[in-house]
Amino acid sequence: MYALTYTVDQIRAAEAPLIEGTERPDELMQKAAHAVAEVARSLYDPREVLILAGPGGNGGDALYAGAELALAGIRVAAHLTAGKAHDRALAAFTNAGGTLPDDLPEPDLIIDGITGIGGSAGLRDNLRAVVGYTQRSQARVLSVDVPSGVAADTGEAGELHVTADATLTFGGWRRAHALAPECGLQLLADISELGARLVEGLPVRADDGPPSVLANRAVLPADLELPEGIVTLPKVSARSVEPSPTDDKYSGGVVGIRAGSGQYPGAALLSVAGAVNATPAMVRYVGPQALEVVRRHPEVVVTEKLEDAGRVQAWVFGPGAGTEDTAELEWILRQDVPVLVDADGLTLLAQSPDLRRLLRDREKETVLTPHDGEFARLQEAVGVPHADRLTETMELARELGATILRKGRSTIIVSREAFVVDAGHSWAATPGSGDVLSGIAGARLALPGSEAAQTRVEAVSVHAVAAKRAAQTPYGDAPAPASRIAEFVREATAR
């Protein structure tokens, strides 16, 4: 299951007839505010709340929510960030007992309603003190629609922005909810059937509107309980890798891995570990660490030369493989199977126009898995202009004719469609973690029927769940080294 995300223009077009058809002023705003108040009570059970209210509709949502919380007996204060606010919402707030103190209090919850979906990346400098207050405060932050200072269409956060613990939006997901970690826990309330209107407004043909962007979240907080009608970004439903009664070690999708070098021997072990724990089929390893690999993983078939490797259904090339010679990557790109290129392989592609031409001419899928630094090198080599993270990734995929899996807390996967997977945590940001992912993704790339982009999304989600499980201790989360992440790939696959 995937969540469709929408642009600001699509949201506004769907909202307009609903607003025009309301029977009383601010009816839609008050429904949104009720959802905000319900989430505030359910997640945080606050004793004292501070509303940061801008002059627009989001400020109105926040003030109406503050009024409901005040009527429930919670101490609620508001700071008007522009010196003014939505008139009726402000009147409701003060009539309910909300206060407008001169000094900012010390609440346990801040509701961010400074700007809404029309806001740009970054707030004006006159809000620096307010944003600094949210960063210094021990209070949790609940943002309305999107965190202020985060652009709804791109997820780009300017230098001055709010970072939320949770963000509640209405009707349909904005692109930022998948792309911006600043959103924290993403929550959705469908008010006045806005979600149905958004679906009805989608173009019949994909080229009639903005490109489709689908979103998931890999890990949700444990024991999360939400009010009725409030949902999170959905988790990925990964297909089973259980062999059928007629399968054998070859038919389940054999993956070949060329990784590691004298300088980076561990990359070979980590990439192979990711693959071995991700598939019941055979894993073949080629490279100078053949003996070390088979000692650690006796089920792996090893050799030192590519031409001796035998038949595979997909190749992985690059983790720690070195950047001195293009011959091995050229050989692999000429094979009539899907190929995943990571790490040093990406550096070779960035350096070699000949390899990029060979890549563009391939009929089978090529998956490139850069982190942002590797992406920047490819971007410069190909001449893709700088833009927001999603637009750049889509353009590079088009230019190279490849699937781009751009790694990060929010991983962007672009092939025919664009997918975004928010890991839900950042414990995978550790050396060697990407090597493990290359093995997982390569193993799933080798699966029969793996042409669907869903298998790339599944690999990212399995990796994120494994990293979270690897970080867990009886005392709370702690660093999860890559070798430990690999150990939890089986558990994550089952989960």
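## Exercises on a predicted model

Glutamate 38 and arginine 41 share helix H2 (residues 27-44), where three residues, about one turn of the helix, separate them. Keep this pair in mind as you work along; the model is a predicted one.

**Exercise 1. Find out how glutamate 38 and arginine 41 interact, and classify the accessibility of each.**

Step 1. Start with the distance: the closest N and O atoms of glutamate 38 and arginine 41 are 2.6 Å apart. The cut-off for a salt bridge is 4 Å, and the pair does form one.

Step 2. Now turn to accessibility, where partly exposed covers the range between under 20% (buried) and over 50% (exposed). Glutamate 38 has 27% relative accessibility, so it counts as partly exposed. Arginine 41, with a relative accessible area of 25%, is partly exposed as well.

**Exercise 2. Work out which parts of the chain are linked by the salt bridge of aspartate 165 with arginine 140.**

Step 1. The two side chains meet at 3.4 Å, N to O.

Step 2. Place the partners: aspartate 165 sits in the loop between strand S5 (140-144) and strand S6 (166-170), while arginine 140 belongs to strand S5. They are 25 residues apart, and the pair links distant parts of the chain.

Step 3. Check the surroundings. Aspartate 165 is partly exposed at 29% relative accessibility, and arginine 140 is partly exposed at 40%.

**Exercise 3. Decide whether aspartate 422 and arginine 217 are buried or exposed, and say what their salt bridge ties together.**

Step 1. In this salt bridge, the closest N and O atoms are 3.5 Å apart.

Step 2. Aspartate 422 is in strand S19 (residues 418-422) and arginine 217 is in strand S9 (residues 213-217), so the bridge ties together parts that are 205 residues apart in sequence.

Step 3. Both aspartate 422 and arginine 217 are buried.

Step 4. To widen the view, the structure holds 26 salt bridges, and a network of them links Asp372, Arg389, Glu392 and Arg406.

**Exercise 4. Lay out the open sheet of seven strands and explain why S3 and S10 each have a side without a neighbour.**

Step 1. Write down the order, S3-S2-S4-S5-S6-S8-S10, and note that the pairing is mixed.

Step 2. Look at the edges: strand S3 (75-80) and strand S10 (230-232) each have a single partner strand, so one side of each lacks a neighbour in the sheet. On average, neighbouring strands are turned by 25° against each other, direction ignored.

Step 3. Zoom in on one pairing. Strands S2 (residues 48-53) and S4 (residues 109-113) run parallel and are joined by five bridges. Here leucine 50 stands opposite isoleucine 110 in S4.

Step 4. Add the helix: H5 (residues 128-136) lies across S2, S3 and S4, at about 150° to S2.

**Exercise 5. Determine how far helix H8 is enclosed, then set it in the whole protein.**

Step 1. H8 (residues 265-276) reaches 17 Å from first C-alpha to last, close to the expected 16 Å.

Step 2. Of its 12 residues, 10 are buried, so H8 is largely enclosed by the rest of the structure. Among them are Leu269, Leu270 and Val272.

Step 3. Now zoom out. The protein has 18 helices and 21 strands, and 57% of its 495 residues count as buried.

Step 4. Finish with overall size: the radius of gyration is 25 Å, which agrees with the value near 23 Å for a compact globule of 495 residues.

Key: Residues numbered from 1 in each chain as written. Predicted model: local features only at pLDDT ≥ 70, side-chain atom pairs only at ≥ 80, totals over all residues. Heavy atoms only, no water. Pairing = 2+ DSSP bridges. Helix = DSSP H or I, 4+ residues; strand = E, 2+ residues; numbered from the N terminus. Axes fitted to C-alpha atoms, helices over the stretch in contact; angles between N-to-C directions. Contact = heavy atoms within 4.5 Å. Buried < 20%, exposed > 50% of the residue type's maximum accessible area, 1.4 Å probe, protein only. Expected span 1.5 Å × (residues − 1). Rg over C-alpha atoms; globule rule 2.2 N^0.38 Å.
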